[in-house]
Amino acid sequence: MQGQTQSISFDGREIRLTTGRFAPQAGGSVLVECGDTAVLVTATRSGGREGIDFLPLICDYEERLYAAGRIPGSFMRRESRPPERATLIARLIDRPMRPLFPSWMRDDLQIVATCLSLDERVPPDVLAVTGASLATLLAKIPFYGPMAAVRVGLLGDDFVLNPSYREIERSELDLVVAGTPEGVIMVEAGANQLPEQDVIEAIDFGYEAVCELIKAQQALLKDLGIEQVIPEAKVEDPTLPAFLEQECSAAIGEVLQHFEQTKAERDEKLDAIKAEVVGKIAALAEDDPIRAAASGKALGNSYKGLTKKLMRGQILKEGKRVDGRSLDQVRPISAAAGVLPKRVHGSALFQRGLTQVLSCATLGTPSDAQEMDDLNPSTEKTYLHHYNFPPYSVGETRPMRSPGRREIGHGALAERALIPVLPSKESFPYVLRVVSECLSSNGSTSMGSVCGSTLALMDAGVPLKAPVSGAAMGLIKEGEEVRILTDIQGIEDFLGDMDFKVAGTEKGITALQMDMKITGLAVKTVADAVNQARPARLHILEKMLSAIEKPRDTLSPHAPRLLSFRIDPELIGTVIGPGGRTIKGITERTNTKIDIEDGGIVTIASHDGAAAEEAQRIIEGLTRRVSEGEQFQGTVTRVIPIGAFVEILPGKEGMIHISQLSEARVEKVEDVVKVGDQVTVRVREIDNRGRINLTLRGVPQAEEPAPV
């Protein structure tokens, strides 16, 4: 089937959009191509659900390893559970798309992006985000778009649009910006301690490119003769909201202005006000329009809407938040390092307000690195951050299952924030894992994880380049009035317009993540939020350093000891030996764990430093090149009828032929040497098979001590 292809010239590259050819039964579909990367994106809508008060949107990103000409490495040799990176890309699609659907929509929506071909010069994630917008428009789903996304890198002093994988590795910045005609709607970034101003300029640079992609989508719709379905404002029955405002406004307002109360006390009072008004409505006549309007979930939604209106109005008019803080004030902080026994290599407890995170660091050996079986060219991870959010952290009960998308996303954000300050592999060859357990949550647990992880790594003795702290910024926007909130708590996240997480060191930013609940935000407002986060981050950092000023000088006695050195890559086979017998023998002899990389870096792990040093001596002996004429003091290890074997270096033997044992004729080898004898030998020759032939002839021997 022939489709229609449109080309967009974008920053020197051609982006091709093919519609009408693939997935004809999907609501809307587009194949987005750039270079040899091809992503098929579909958007499908089905009938609405009854009795729900949320948008049932599902965004999926599917990887197929045939896209890179590979067969899956699993036992079944087929793709199974999506890898972590695929889950993160699915979230990358969801986060800018979700706010652009009307609040009243209850139809099931599903966006599926499938990477069909991968060109390592063109990462597919931002193509999938832009494709999601176009597929939705083609499906004629009510949508406040178009929306587009680009990646921005920083090479030297120049910003680069949509850099390749290799350019991303060399870049000081990996920033994804998504936006609509109204402004920025999502930011995701990792940075190498960049100053705030550089990051702001990168966001502005990226948004300009986003605007070009938005215009291209609008032009394509016009060429196809498709009119965008603009969501209509849904007029709600004002009967119930007006009744609640009259009955509850004063009581709710009083609760919100009682700044000394705890979260639990505030929630209890708000629930009591709601229960009281429910009783009043139940006492009304059955045919009363207020009672009729309060059926189903309408009462809960209207009550929430009134609470939201009053809380936001209090912030806009009085500059006061529900806990009495000023707009730029951070909640009380406590931090402690080394809170668990040293069986845990490093631990820390970080608390900000009611948000409490326990982070635990583990030092592993190179073989503990995570192997990545996905489309990304990077094949392993040596730093892992895992985030857990148990139900008791918010006082709830629910089944404990495997990590969801939220847990994976929060873990990846904290991981990204710490990567720029980790020591080099050469100076600290450990594989690092940090697990953040959210013990209590009232907003910004991801930034609590960043702070806790920094403290746990320092407690473990990891020589970080600099400590990292993080703060979550919020936003209240009504018309032209805007208020930026520092260190938002749960209710401000729930009823606010933005969740903007900023992590970094004293020097600069290491990670950003911004999600919006409105359809766009001016770059200037984003810049104000970035700048307002800096003093908050530094304040938090000061409190953290009062718990532990610098990384500990020694590791936990239960952490493995690593020795790392380099050998000639051509001699790796010598160390491994036939069928791995040589390296297995070394590990058994020294009770160590040995890893050898293709580049020749050898890492030895052991809880006994002397054993690790012995293994290093053996490997260095095996890989030392011996020259003819060199003399060695060695030990006779074996005797055979035609000669004796002598270990001249740890793990390296040579043979003395019986004819080379003495100037005189020798009838029996044992007449001259026995197993265990110490002898001085000279290398006579090295044959074409690399075997070392030794001699005793003409080599003076150390005199044995005279008998007493």
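Reader: To get my bearings, what is the place of Arg-77?

Author: Look in the loop between strand S5 (57-63) and helix H1 (84-97); that's where Arg-77 is. Keep in mind that this is a predicted model.

Reader: What sign does the phi of Arg-77 have?

Author: Positive: phi of Arg-77 is about 60°, although this residue is not a glycine. Ala-23 is another non-glycine with a positive phi, at about 50°. You'll find Ala-23 in the loop between strand S2 (13-19) and strand S3 (28-34).

Reader: Why is Ala-23 called partly exposed?

Author: Ala-23 has a relative accessible area of 29%. Buried would need under 20%, and exposed would need over 50%. The 29% of Ala-23 falls in between, so this residue counts as partly exposed.

Reader: And why is Val-277 called buried?

Author: The relative accessible area of Val-277 is 3%. The cut-off for buried is under 20%, so Val-277 qualifies. Val-277 belongs to helix H6 (residues 263-282).

Reader: What is Val-277 in contact with, leaving aside its neighbours within four places in sequence?

Author: That would be Phe-243, Leu-244, Glu-247 and Cys-248. Pro-123, on the other hand, is 54 Å from Val-277, C-alpha to C-alpha, with their positions 154 residues apart in sequence.

Reader: What makes Val-255 buried?

Author: Val-255 has a relative accessible area of 8%. Under 20% means buried, so Val-255 gets that label. Val-255 sits in helix H5 (residues 239-256).

Reader: Which residues does Val-255 touch, not counting those up to four places away in sequence?

Author: Val-255 touches Gln-261, Arg-266, Lys-269, Leu-270 and Ile-273. For Ile-273, the separation from Val-255 is 18 residues in sequence and 9.7 Å in space, C-alpha to C-alpha.

Reader: How do you know that Thr-510 is buried?

Author: Its relative accessible area is 0%. Set against the cut-off of under 20%, Thr-510 is therefore buried. Thr-510 lies in strand S21 (residues 509-516). Beyond its neighbours within four places in sequence, Thr-510 has several contacts, among them Ala-189, Gly-190, Arg-416, Val-468 and Thr-505.

Reader: What makes strand S17 mostly covered?

Author: Seven of the 10 residues of S17 (residues 431-440) are buried.

Reader: How do you know that S13 and S17 pair?

Author: Strand S13 (residues 355-364) and S17 share nine bridges, in the antiparallel sense. Pairing takes at least two bridges, so these strands pair. In this pairing, Gln-356 is opposite Ser-440 of S17.

Reader: In what sense do S16 and S17 run, and how many bridges join them?

Author: S16 (residues 383-388) runs parallel to S17, with six bridges joining them. One of the matches is Leu-384, whose bridge partner in S17 is Arg-433. Going from S16 to S17, the chain passes through helix H9 (residues 405-418), and that β-α-β crossover is left-handed.

Reader: Which residues does the cis peptide bond with omega of about -5° join?

Author: That bond is between Gly-145 and Pro-146. Pro-146 is in the loop between helix H2 (125-138) and strand S7 (148-155).

Reader: Stepping back, how many helices and strands are there in the protein?

Author: There are 15 helices and 29 strands. The C-alpha atoms fill a box of roughly 125 × 65 × 45 Å along the principal axes. Of the 708 residues, 52% are buried. Among contacts with a separation of 6 or more, 69% are between residues 24 or more positions apart.

Notes. Residues numbered from 1 in each chain as written. Predicted model: local features only at pLDDT ≥ 70, side-chain atom pairs only at ≥ 80, totals over all residues. Heavy atoms only, no water. Helix = DSSP H or I, 4+ residues; strand = E, 2+ residues; numbered from the N terminus. Buried < 20%, exposed > 50% of the residue type's maximum accessible area, 1.4 Å probe, protein only. Contact = heavy atoms within 4.5 Å. Right-handed = clockwise from strand over helix to strand, strands pointing away.
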